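Here is a predicted model, taken apart in short questions and answers. Keep the structure open while you read.

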Amino acid sequence: MQASVATAIGHQGQLIIEPFAGTVTVRFSDAIVAATERAKVLREEGHEPVFYIPFEDIYFDLFEKTNTTSESPLKGVASYWRVHAVGSSADDFMWAYETPNTVARAIAGHGAFDPEKARIDVEPSEDKRHTPHVME
């Protein structure tokens, strides 16, 4: 799968969205709230990389959509969710661009998580082509 590279005309910056080879697990407290081997990484000029997880791999029974929104010139309007797990909750824990701008359409149907509120564990897949093999 190729990376999606886009530049929004009239805006500074560039988005690069590419599949992540490996596993991404998101936790709140001690609860796993999302886990996938199909994450995408969004790289935006001037920002840290963000992992987006397909909606199918997010445990939505732990989430409640809020009225919070934000707008990005490149990505569009984001909606936010509150998480409830292990007797605790956190507002605006997850966001998603449900109908993103054309340049960010690769993250439609995916959610991202606030790294200050979530524990995001990332395990890259082993690269078998470049891993030395020990002969027995």
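Q: In which loop does Y97 lie?
A: This is a predicted model, so every value here is computed from its coordinates. Strand β10 covers residues 110–113. Y97 lies in the loop between β9 and β10.

Q: Is Y97 buried or exposed?
A: The cut-off for buried is under 20% relative accessible area. Y97 has 5% relative accessibility. By that cut-off, Y97 counts as buried.

Q: Which residues is Y97 in contact with, leaving aside its neighbours within four places in sequence?
A: H110 is 13 residues from Y97 along the chain, and their C-alpha atoms are separated by 7.6 Å. H110 is also one of the contacts of Y97. The full set is Y52, S72, K75, G76, V77, A78, I107, A108 and H110.

Q: How many helices and strands does the chain have?
A: From the N terminus on, the elements run β-β-β-β-β-β-β-β-β-β-β. The count is 0 helices and 11 strands.

Q: What share of the contacts with a separation of 6 or more comes from residues 24 or more positions apart?
A: The chain has 136 residues, and buried residues make up 38% of them. Among contacts with a separation of 6 or more, residues 24 or more positions apart account for 50%.

Q: Which residue of β4 is the bridge partner of R27?
A: Strand β3 (residues 22–28) and strand β4 (residues 31–36) run antiparallel and are joined by 5 bridges. Within this pairing, T25 stands opposite A35. For R27, the bridge partner in β4 is I32.

Q: Which residue of β11 is the bridge partner of R27?
A: Strand β3 also pairs with strand β11 (residues 119–124). The two run antiparallel, with 6 bridges. The partner of R27 in β11 is R119.

Q: Why is β3 described as largely enclosed by the rest of the structure?
A: Buried means under 20% relative accessible area. The description of β3 follows because 5 of its 7 residues are buried.

Q: Which residue in the hairpin of β3 and β4 takes a positive phi?
A: The hairpin has 2 residues between the strands. A positive phi near 60° occurs there in a residue other than glycine. That residue sits in the loop between β3 and β4, and it is S29.

Q: Is S29 buried, partly exposed or exposed?
A: Partly exposed runs between the 20% and 50% cut-offs. The relative accessible area of S29 is 43%. S29 is therefore partly exposed.

Q: In which strand does D92 lie?
A: D92 is not a glycine, yet its phi is positive, at about 50°. At 23% relative accessibility, D92 counts as partly exposed. The strand that holds D92 is β9.

Q: How many residues lie between β7 and β8 in their hairpin?
A: Strand β7 (residues 63–72) pairs with β8 in the antiparallel sense over 7 bridges. In this pairing S70 stands opposite A78. The number of residues between the strands is 3.

Q: Which element gives the most to the largest nonpolar core?
A: The largest nonpolar core has 21 residues, and V26, V33, F63, F93 and F113 have the most contacts inside it. Elements giving two or more residues to this core are β3, β4, β8 and β9. With 4 residues, the element that gives the most is β9.

Q: How many residues has the other core, which includes L15 and Y52?
A: This core lies apart from the largest nonpolar core. Y80 and A104 are also among its members. Its residues number 12.

Q: Which residues does F93 touch, not counting those up to four places away in sequence?
A: F93 is one of the residues with the most contacts inside the largest nonpolar core. Its partners include charged residues too, among them R27, D114 and K117. The full list is V26, R27, F28, V33, F63, W81, V83, A112, F113, D114, K117 and A118.

Q: Which strand gives the most to the lining of the largest pocket?
A: The largest pocket has a volume of about 300 Å³. Its lining has 17 residues, with E48, P49, V50, W95 and P115 nearest the centre. Strands β5, β6 and β8 each supply at least two lining residues. With 3 residues, the strand that gives the most is β6.

Q: How many residues of this lining are nonpolar?
A: The lining also holds 2 polar and 3 charged residues. The nonpolar residues number 12.

Technical notes. Residues are numbered from 1 along each chain as its sequence is written. This is a predicted model: local features need pLDDT of at least 70, side-chain atom pairs count only at pLDDT 80 or more; totals for chains, interfaces and linings use all residues. Side-chain values use heavy atoms; hydrogens and water are left out. Two strands pair if DSSP finds at least two bridges between them. On a 1 Å grid over the protein atoms alone, a cavity is a set of points where a 1.4 Å probe fits but cannot get out, and a pocket is an open set with protein on both sides within 12 Å along at least five of seven lines; lining residues have an atom within 4 Å of a point. Grid points are joined across faces, edges and corners, and a volume is the space filled by probe spheres set on the points. A nonpolar core is a set of buried Ala, Val, Leu, Ile, Met, Phe, Trp, Tyr and Cys residues joined through side-chain atoms within 4.5 Å. Buried means under 20% relative accessible area, exposed over 50%, partly exposed in between (1.4 Å probe, protein chains only). Contact means heavy atoms within 4.5 Å.
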